[in-house]
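Colleague: Got a minute to go through this model with me? I'd like to hear how its helices and chains fit together.

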Amino acid sequence: MNPLAVKAYDLRQDVLDIIVSGGGGHIGGDMSSMEIMLTLYSRMNVSPEKQNDPNRDRFVLSKGHCVETLYAVLCDKGFLNIEEVKAKFSKFGSEYIGHPHNTLPGIEMNSGSLGHGLSVCVGMALAGRMDQKNYRVYTLMGDGELAEGSVWEGTMAAGHYKLDNLCAVIDRNHLQISGSTEDVMAHHDLHARFAAFDWHVIDVQDGNDVDQLNAAFDEAENTKGMPTVIIANTVKGKGSVLMENKASWHHHLPNAEEYAAISKELKERKEALLRE
Amino acid sequence: MNKIPNRAIMCEVLKEAAAKDRNVVVLCSDSRGSGSMTSFADTYPQQFVEVGIAEQNLVSIAAGLASCGKKSFAVSPASFISTRSYEQCKVDCAYSNTNVKLVGISGGVSYGALGMTHHSAQDIAAMSAIPGMRVYLPSDRHQTRKLFEALLQDTQTAYIRLGRNPVEDVYEENNVPFEMNKATVLSEGTDVLLVACGEMVRPIQEAAKLLNSQGISTGALDMYCVKPLDKEGLLKAAKGKRLIVTVEEHAPFGGLGSMVAQVISANDPKKVINLALPDSPVITGTSKEVFEYYGLTGSGIVKTVLEIWKG
């Protein structure tokens, strides 16, 4: 068993605690994107000591509303302190707001308004090429976010400039706040859409599987001459049957009973993984 | 008659900087011709990024480059970069604190008969409302050089509006008083103060001369730094005056006139009249014809001032 798969359940509990402490958060997308961010941070050349290292890898959380998972992962990597985040998240005057802010260690750019991250990453990737640096640039977008026109401006530019140091990940959980992504604004064949913009496209069957994600990131690193997008098919609200595949949990604040049930299930799932 | 537009001077300054510093990067959105940036793109192709007709992408890419140490100059028509990319300017430049200089070319009514889609009469108001965004409208080619030389030395974002057409010199080549974020006093006076920015500075300079010759002692102030507005310089120049007239190539709301009135009303209350474009699409014509029609010329300003003064 990959230890990251187990850790994902510990960090889901952290996310749950952060959200309940702060009185709100985007729990559905947090839970679907956990393995993506955790796997990515296990691979990226980043650390608290290298915060200003020009050769560090860059990550921009374009779906900025899933900041609670980013906080949990940054705490795990030593950038932030989990007890402090839990205590201060969304509180009056806090630096731990409901979207990424780059005055905090480990966060490159502010986000929250959707459809910015990919274009920002195009700039970062171009800078890396100009300076002949080997760092890689990553962004994570939601599937609902792909309705933003600016995403496709960035997609076009990355393909045009053949930015093989850039990798985008789509948290493809098929749900957004109003319901199914295919009902709200259909993506149809996302693979074909990105391929048409001259991207290398990798479909990850289970985007909550650390090993499948690692294989996809390996393939992205080895892909030359074009940017890579990983379409990670995930489960919104992953971790508890209470939340899974329910659009109503996009921004649902668990009550005490729900909190206890989710915590219990997270623990059970973690123990089941450890028994494998 | 000066034949060199301010945008051509910007290109000169950026080329000089790029020769010494490979981190100076220019981005255009199919706008290198209108931005006078073709020569930069040809001379420094490795420091030039073409993004195509995609202004949102232009600004975000400029911010991404800046976050990796580049000094990004995003050059695109003022009407598009200021409002179509408004959110990218707010979030990726100002909020994320990246060193992106947003250059709005062909500002105001430079594009003349092309109509309201191509006019930027809202850019001062829009950009000034963003926390951390500075707003500069240089008045002539000499001040444009000084301003860009200063901007190359700092690391904060800013919006700079330049016009399309050459404008008459306000300053002499070897005598350009310039201090960053400080208004320049063009002339002193005791009765009336004229305040302008950008292409309206030359008309107030002319108007001040005409009014002085008619016995109305008139001062003129070049407020190229609309944000941060030079409050100290404004209050000093306004002291003892009976009337202040602001002149701008902008909608009548939220621009230089609004900001000057805010400072004057709070500190040294007196009559402030704002001469600006109307709250409607402007009449069809060249920018010169438009200025004449709305009284935004030296003689037009004189006429308005005399009416108020005598009234």
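What follows is a chat about a predicted model, one question at a time.

Colleague: Let's start between the chains. How many residues does the contact take from chain B and from chain A?

Modeller: The area buried between chain B and chain A is about 2000 Å². Carbon and sulfur atoms give 54% of that area. As for the residues in the contact, it's 23 from chain A and 25 from chain B.

Colleague: And which residues in chain B lose the most area to chain A?

Modeller: There are three names to remember here, and together they make up 26% of what the chain B side buries. They are N57(B), C68(B) and Y95(B).

Colleague: Is α6(A) parallel, perpendicular or oblique to α3(B)?

Modeller: Helix α6 of chain A covers residues 117-130, and helix α3 of chain B covers residues 55-67. Their axes are 6 Å apart, and the packing angle is about 45 degrees. Roughly parallel would need an angle under 35 degrees, and roughly perpendicular runs from 65 to 115. That angle therefore makes α6(A) to α3(B) oblique.

Colleague: What kind of residues make that contact of α6(A) with α3(B): nonpolar, polar or charged?

Modeller: From α6(A) you get S119(A), V120(A), V122(A), G123(A), M124(A), L126(A), A127(A) and M130(A). α3(B) brings N57(B), S60(B), I61(B), G64(B), L65(B) and S67(B). Sort the residues of this contact and you have no charged, six polar and eight nonpolar.

Colleague: Which residue forms a salt bridge with D131(A)?

Modeller: Across the interface of chain B and chain A there are two salt bridges by the rule used. In the one with D131(A), the closest N and O atoms are 2.6 Å apart, inside the 4 Å cut-off. The partner is K70(B).

Colleague: Now R43(A) and D218(A). How many residues apart in sequence are the parts that this pair ties together?

Modeller: Over all chains the count of salt bridges is 33. In this one the side chains of R43(A) and D218(A) come to 2.8 Å, N to O. R43(A) sits in helix α3 (residues 34-43) of chain A and D218(A) in helix α10 (residues 210-221) of chain A, so the separation of the parts they tie together is 175 residues.

Colleague: Staying in chain A, are α3(A) and α4(A) parallel or antiparallel?

Modeller: The axes of α3(A) and helix α4 (residues 67-76) come within 10 Å and cross at roughly 30 degrees. M34(A), M37(A), L38(A) and Y41(A) in α3(A) touch T69(A), L70(A), V73(A), L74(A) and D76(A) in α4(A). In that contact seven residues are nonpolar, one is polar and one is charged. Angles under 35 degrees count as roughly parallel, and therefore α3(A) and α4(A) are roughly parallel.

Colleague: What about α1(A) and α4(A): is their crossing left-handed or right-handed?

Modeller: Helix α1 of chain A (residues 3-22) packs on α4(A) at about 125 degrees, with the axes 9 Å apart. That makes α1(A) oblique to α4(A). The residues that meet include L11(A), V15(A) and I18(A) from α1(A) and Y71(A), A72(A) and V73(A) from α4(A). The crossing is right-handed.

Colleague: Any backbone oddities? Which residue does a cis peptide bond join to K227(B)?

Modeller: Most peptide bonds are trans. Here omega is about 0 degrees, so we're looking at a cis bond. The residue after the bond lies in the loop between β10 (225-227) and α9 (231-238) of chain B, and that residue is P228(B).

Colleague: Last one: what is phi of K162(A) near?

Modeller: K162(A) is found in the loop between α7 (149-160) and β3 (166-172) of chain A. Most residues other than glycine have a negative phi. The phi of K162(A) is positive, near 50 degrees.

How values were computed. Residues are numbered from 1 along each chain as its sequence is written. Chains are lettered from A and ligands numbered from 1 in the order in which they are written. This is a predicted model: local features need pLDDT of at least 70, side-chain atom pairs count only at pLDDT 80 or more; totals for chains, interfaces and linings use all residues. Side-chain values use heavy atoms; hydrogens and water are left out. Axes are lines fitted to C-alpha atoms, for helices over the stretch in contact, and angles run from 0 to 180 degrees between N-to-C directions. Helices (H or I, at least four residues) and strands (E, at least two) are DSSP runs, numbered from the N terminus. Angles under 35 degrees count as roughly parallel, over 145 as roughly antiparallel, 65 to 115 as roughly perpendicular and the rest as oblique. Contact means heavy atoms within 4.5 Å. Ala, Val, Leu, Ile, Met, Phe, Trp, Tyr, Cys and Pro count as nonpolar, Asp, Glu, Lys and Arg as charged, and the others, Gly among them, as polar. Buried area is the accessible area (1.4 Å probe) that two parts lose on being put together, summed over both. A crossing is left-handed if the near helix is turned anticlockwise from the far one by less than a right angle, and right-handed if clockwise.
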